[in-house]
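Good morning. Please look at the sequence and the model on the screen while I go through what was computed from it.

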Amino acid sequence: EQDPLYILQGHLAYTFRPGLWASAGMGYGSGGESTLNGTPKDDRKGTLAAGCSVGAPLSRTVGIKLGYLNSRTQEDTGVDSDTIMIAVSALW
C-alpha cells in the first residue's frame with residue numbers, strides 16, 4: 001500500500017493578445033511512502049517542480065507552444081529532470 005501523496009500547486013497565466021500568452025507554475029509534492037507486507041519501504045517522496053511556457057499563433061488555424069519544466073527531488077529517492085517541449089496545435 002501507499003500513503004497519500006499531497007501536492008500544492010500555483011499557476012499564473014497572462015494573455016498579451018488573442019493567441020499570444022505566457023504562463024508559469026510551481027508545485028511541491030510530499031508523502032507517498034510505500035509499505036510492503038507491513039514493512040515500511042522508507043521511500044517517502046518530496047519533489048519541487050517549476051515550469052514556464054509561451055504560446056503564439058503561426059496562422060489562423062495553427063499555433064505553437066514552447067515550454068520548460070524543472071523538477072528536483074527533496075528526498076533520497078526520486079528523479080531530477082529538466083524538460084524542454086515544443087508543441088504544434090492545429091484547428092480544422
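**A surface patch, then the strands**

I start on the outside: M26, Y28 and L48 make a nonpolar surface patch of about 270 Å². Patches take residues with over 30% relative accessible area and no salt bridge, joining like charges within 9 Å and nonpolar side chains (Val, Leu, Ile, Met, Phe, Trp, Tyr) within 5 Å. A salt bridge here is a side-chain nitrogen of Lys or Arg within 4 Å of a carboxyl oxygen of Asp or Glu. Areas come from the Shrake-Rupley method with a 1.4 Å probe, and for residues only the protein chains shown count as cover.

This is a predicted model, where local features need pLDDT of at least 70 and side-chain atom pairs pLDDT 80 or more, while totals for chains, interfaces and linings use all residues. Residues are numbered from 1 along each chain as its sequence is written, and side-chain values use heavy atoms, without hydrogens and water.

M26 belongs to strand β2, residues 20-31. The protein has seven strands and zero helices; both are DSSP runs numbered from the N terminus, strands (E) of at least two residues and helices (H or I) of at least four.

Now the pairing, which requires at least two DSSP bridges between two strands. Strand β5 (residues 45-57) runs antiparallel to β6 (residues 62-73), with 11 bridges. Four residues separate β5 and β6 in a hairpin, and P57 is opposite G63 in β6. On to β7 (residues 81-90): 10 bridges join it to β6, again antiparallel. There K65 has A87 of β7 as its bridge partner.

Last, the overall extent: the C-alpha atoms fill a box of roughly 60 × 25 × 20 Å along the principal axes.
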